Amino acid sequence: GDGTVGWVLQCLDNVGQDSQCSNPPCAIVPLGTGNDLARVLRWGPGYGGDEDPLSLLRDVIDAEEIRLDRWTVVFRPISEDTPEAIGSAQMNEDNAQIFVMNNYFGLGLDADLCLDFHNAREEKPEKFNSRLHNKGVYVKVGLRKMLGRRMCKDLQKEIKLEVDGKHIELPPIEGIVILNIMSWGSGANAWGPEKDEKFTKPNHWDGMLEVVGVQGVVHLGQIQSGLRAAIRIVQGSHIKIHMNCDVPVQVDGEPWIQPAGDIVVLKSALKATMLKKSKMKRRNTERESG
């Protein structure tokens with residue numbers, strides 16, 4: 001899954017220059033729930049176990065090497081209390097937590113749903129053993145959120161967004177998603193189809209991020225089912241968010257409640273070379289050579 005891909009890339013970062021091959025290209029067998037990076041790189045929405053492993057390995061041999069931009073996300077709370085380190089975060093001397101982001105970063109509603117799902121899975125991990133069940137739980141969590149208290153209502157009043165040094169006015173929203181890849185929430189294209197000249201066509205190697213807004217649970221469901229796109233807000237390479245209150249956040253599907261403070265997203269010096277599955281079917285070279 002996407003979390004495992006992030007962990008593998010982090011392990012390769014840690015080994016770094018000490019290894020003989022410091023930046024080996026990585027292919028993905030999509031065994032997770034969302035598999036968003038695998039979708040973008042054409043490895044499919046999910047491996048069902050019915051494909052011949054040798055065929056997979058042949059696809060890896062034929063795959064194209066591509067670059068994946070990676071981003072540093074720095075969380076700096078206003079509070080003087082030292083926050084507890086979360087998951088894959090690194091801590092620095094001024095209480096900031098630092099993550100590496102490969103896919104996307106969510107703030108508000110998207111992260112709130114992600115957190116509820118994460119908590120349900122932590123409580124009964126044995127039940128989360130199939131992609132279908134996992135998606136069913138996610139839908140249930142969304143319906144409950146629609147009927148219950150809206151934690152992220154009027155999020156635009158609680159945060160300030162600055163991109164590449166410019167203040168960005170926000171529309172009425174309950175969530176923000178910052179995209180590095182054009183697949184989010186199990187294959188949805190939150191950015192939407194190309195429709196205007198105001199924005200450049202996004203990709204995962206252009207050194208740019210796409211910022212979109214989500215208006216509510218219904219809008220989120222429409223995005224995930226392909227009926228609507230999110231609200232396009234801005235593109236940029238240096239993003240700063242100031243939060244006046246505690247807000248749910250998630251980095252590549254790892255969610256938590258982030259205390260009030262500042263968040264900065266900037267280009268990481270770390271590199272990743274990924275393998276993108278070829279569109280063409282492999283030719284039978286043995287028969288041709290014979």
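**View 1. Ile159 stands opposite Met243 in strand β11.** The model is predicted: local features need pLDDT of at least 70 and side-chain atom pairs count only at pLDDT 80 or more, while totals for chains, interfaces and linings use all residues. Residues are numbered from 1 along each chain as its sequence is written, and side-chain values use heavy atoms, with hydrogens and water left out. Helices (H or I, at least four residues) and strands (E, at least two) are DSSP runs, numbered from the N terminus. Strand β6 (residues 159-163) pairs with β11 in the antiparallel sense over five bridges; two strands pair if DSSP finds at least two bridges between them. β11 is also joined to β14, by six bridges, and these two strands run antiparallel. Met243 has Gly261 as its bridge partner in β14. The two faces of β11 (residues 238-243) are unlike in cover: Ile239, Ile241 and Met243 form the covered face, and His238, Lys240 and His242 the uncovered one.

**View 2. Strand β8 is covered on both faces.** β8 spans residues 175-179, and five of its five residues are buried. Buried means under 20% relative accessible area, exposed over 50%, and partly exposed in between (1.4 Å probe, protein chains only). Gly175, Val177 and Leu179 lie on one side, Ile176 and Ile178 on the other. β8 pairs in the antiparallel sense with strand β5 (residues 104-108), over five bridges. In this pairing, Gly175 of β8 is the bridge partner of Gly108. β8 also pairs with strand β9 (residues 209-214), again in the antiparallel sense and over five bridges. Here Val177 stands opposite Val212 of β9.

**View 3. A salt bridge joins Asp59 and Lys277.** The closest N and O atoms of the pair are 3.5 Å apart. The pair links distant parts of the chain, 218 residues apart: Asp59 is in helix α3 (residues 53-62), and Lys277 is in the loop between β15 (272-276) and α7 (285-289). A salt bridge is a side-chain nitrogen of Lys or Arg within 4 Å of a carboxyl oxygen of Asp or Glu. Asp59 is buried, at a relative accessible area of 16%, whereas Lys277 is partly exposed at 22%.

**View 4. Lys267 and Asp69 meet through their side chains in a salt bridge.** The N to O distance is 3.6 Å. This pair also links distant parts of the chain, with Lys267 in strand β14 (residues 261-267) and Asp69 in the loop between β1 (64-68) and β2 (71-77), 198 residues apart. Asp69 is buried, with 1% relative accessibility; Lys267 is partly exposed, with 40%.

**View 5. Asp154 forms a salt bridge with Lys153.** The closest N and O atoms are 3.5 Å apart. Both partners are partly exposed: Asp154 has a relative accessible area of 27%, and Lys153 has 44% relative accessibility. Elsewhere, salt bridges with shared partners join Arg67, Asp69 and Lys267 into one network. A search of the whole structure finds six salt bridges.

**View 6. Asp164 and Asp252 have positive phi values.** Most residues other than glycine have a negative phi. Phi of Asp164 is near 50°. Asp164 lies in the loop between β6 and β7 (166-168) and is partly exposed, with a relative accessible area of 40%. Phi of Asp252 is also near 50°. Asp252 is in the loop between β12 (247-251) and β13 (254-258), and is buried, with a relative accessible area of 17%.

**View 7. Cys26 and Cys114 are shown in a structure with zero disulfides.** A disulfide is a pair of cysteine sulfur atoms within 2.5 Å. Cys26 is buried, at a relative accessible area of 13%. Cys114 is buried too, with a value of 13%.

**View 8. The protein, given as context for the close-ups, has seven helices and 15 strands.** Of its 290 residues, 44% are buried. Among contacts with a separation of 6 or more, 71% are between residues 24 or more positions apart; contact means heavy atoms within 4.5 Å. The protein exposes about 15600 Å², of which carbon and sulfur atoms supply 52%. Accessible areas come from the Shrake-Rupley method with a 1.4 Å probe; for residues, only the protein chains shown count as cover.
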